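Hello! Here is the structure I promised to pass on to you. Have a look at it first, and then read my notes below.

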Amino acid sequence: MVKISKTMVKDFSLFSDCGRYFVYSSQSGKLKIWDTISGTLKQEYVPNLHLNSPCSSLSWINLSSRVNSPWKSKKRKIEEDKNLIALGTSDGFVAIFSLSEGKIVTKLEGGHSGAVTGLGWSREAGLFSSSHHEVVVWDISSKQIKSKWKSSKGNITCICVSDDGEFCVTGSHTLQLWDVKLKKLLKTYTGHHSEVVSLVFINKQYFLSCGSEDRHITVWSTKDDCDESLGRFAVGESIKNGISIFENESTLHLCTSTRNGQLIYFNHQLNGKIGKVIKPLHTVEIIDDHSSNILPVTGVKMSSESMVAIAYGHSPFFSFETLDITNLKKNKVTFTRKDKHLNKVLSNKETTKDTDDQAQYVSYGNRKNAGDVAMEERLGNLSIGNPVISDKYSPYNLSNLLTQGLESKDRSLLESVLFRKDPQVIAETVSKLPVSALAPLIGQLNTMILGKTFPSIVGCMWLKGVLRQHSSQLLANGSTSALLASLQALIESRLAVLGPLRGLSGRLDHIISQLDSPQDHSPKNEDSVLFYQEEDSSDERESLMLDGDGSESEDKWEELSEDQLDSDEAS
């Protein structure tokens, strides 16, 4: 099976062919492998090249047990190892990881000038890899190129090979069927509106395809002259992690997982053209019994006609189960399970010591060496459930927690890191982030800035730190252009109303200050600016009626004649 990348950096998850192991490659470049029977993390590997050459495609390789010449020890070791993982990188080479040795055992170089966009495996023909316009067939033991050819139409986004290695299908917006031996284009199929991200051969007669934005899986034929699709399986949502099939007496059992975290199962007998769109027989959803949140199905594997192995939950706390899909009574079934992420801390016994109140210690049982503790257990023992933010920090730890939160999309973990306002903490944490974490971080900051009050404020502070530290990487990464464009539009729209808002704020402050100031209505004694008094004409008359000593004389008053009085008034 093949797992193909739509973008250069993304998460990959895939079951092995036997279903025993589950591999997960995160955006940070870490490769983690679980044993699905015990549910424990078996391997965790961080390649030295993970920052410069992130994983762009992933595929399991199941080699035969044949042994070649005894003097070629390395060649024999590779041949005897039945569980290998091929990792396509953005630098154009393919790395082969050995599960038994826990390291990269060989590199296939010189085949591609650009990023490896797809990988396919055939036990008979070997390993196939594709870049934008090239297909390369490798001999893993000798690390040599067996054959190579170019595709004429579109950038190849995925590749798939038939079991016998006779046919090969490459996908872009169109599909091309190739004769591997002759390197000849046999047919071209059209019908996808988005780039193809998943391809699976049913047998030499049919193959399946699905686009990145398609809500259906399309069936195609390799034998008929008709290049039109035979039919469609209605998924209802774009798929997330590839397609798994199982054939039994010409009956096709098909399952896949969607972006909303559901498991979709189909059962159909292929026999020529399908008249109607095939609807799913069962839809399975898993929710947390505590919070009722969906635990997304991240991987599926059809191990038989009735049994489906699934991986669900959030990284790195995946859970694994095997469902008997044929015994389900209803079309849509919901299971309740416990979220490992929420219950991991509670599963360990806490002990107290005389130290800082904010520190927590967890006992690991009777272990001789602390290094024996598994990585997922150590992460689970961290006190990341408490949203209280401490001023004591380590920038390296904060960058790891932030990367982990972006991978698992854990809201409480993201808030514990991103709700810090110290510019020095922000600058040091951002400087230690891997380049692959920048795109999801900007997406998270975009969501925060769209909010109000405190999240918007701290989101702007973190965005400022990211732009200062990683401006060159952001300009070189085309996947961040859309996120930065939306942020630019948001910032411009808010700056347009900044001036009127400041004016309104000033007026409101003035009104509030007037309302809050004390008012005294008592009268105040103030000196008059102007005083005016009208003269009384009676004063003049009083002066006439006074005698020499100032006293009034009745005799004089009586002796005054009327003519004298009239003359006095006239004067």
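**A pair within one helix**

Arg-411 and Glu-415 sit together in helix 5 (residues 411-418), 4 residues apart, which is about one turn of the helix. Their side chains meet in a salt bridge, with 3.0 Å from N to O. Please keep in mind that this is a predicted model.

How exposed are the two partners? Arg-411 is exposed, with a relative accessible area of 65%, while Glu-415 counts as partly exposed at 25%. The cut-offs help here: exposed means over 50% and buried means under 20%, with partly exposed in between. Arg-411 is therefore called exposed at 65%, and Glu-415 is called partly exposed because its 25% falls in between.

**A pair between two strands**

Now for a salt bridge in another setting. The side chains of Lys-148 and Glu-134 meet at 3.7 Å, N to O. This pair links distant parts of the chain: Lys-148 belongs to strand 13 (residues 144-150) and Glu-134 to strand 12 (residues 134-139), 14 residues apart. Which side of the cut-offs does each fall on? Lys-148 is partly exposed, with a relative accessible area of 34%, whereas Glu-134 is buried, at 13%.

In case the idea of a salt bridge is new to you, side chains of opposite charge can pair when their charged atoms come close.

**More salt bridges**

Glu-101 and Lys-103 also have side chains that meet in a salt bridge, at 3.9 Å from N to O. Glu-101 is partly exposed, with a relative accessible area of 32%, and Lys-103 is partly exposed too, at 42%.

Asp-164, Glu-166 and Lys-204 are another group to find on your screen: a network of salt bridges links these residues. How many salt bridges does the structure hold? The count is 8.

**The whole chain**

Stepping back, the secondary structure of the protein chain comes to 14 helices and 31 strands. The chain has 571 residues, and buried residues make up 45% of them.

The contacts tell you how the chain comes together. Among contacts with a separation of 6 or more, 48% are between residues 24 or more positions apart. As for the outside, the accessible surface of the protein chain comes to about 31400 Å², and 49% of this area belongs to carbon and sulfur atoms.

A good place to begin is helix 5, where you can look for Arg-411 and Glu-415. After that, try tracing the link from Lys-148 in strand 13 to Glu-134 in strand 12.

Enjoy exploring!

Conventions
Residues numbered from 1 in each chain as written. Predicted model: local features only at pLDDT ≥ 70, side-chain atom pairs only at ≥ 80, totals over all residues. Heavy atoms only, no water. Buried < 20%, exposed > 50% of the residue type's maximum accessible area, 1.4 Å probe, protein only. Contact = heavy atoms within 4.5 Å. Areas by Shrake-Rupley, 256 points an atom, 1.4 Å probe, with all protein chains shown as cover. Salt bridge = Lys/Arg side-chain N within 4 Å of Asp/Glu carboxyl O.
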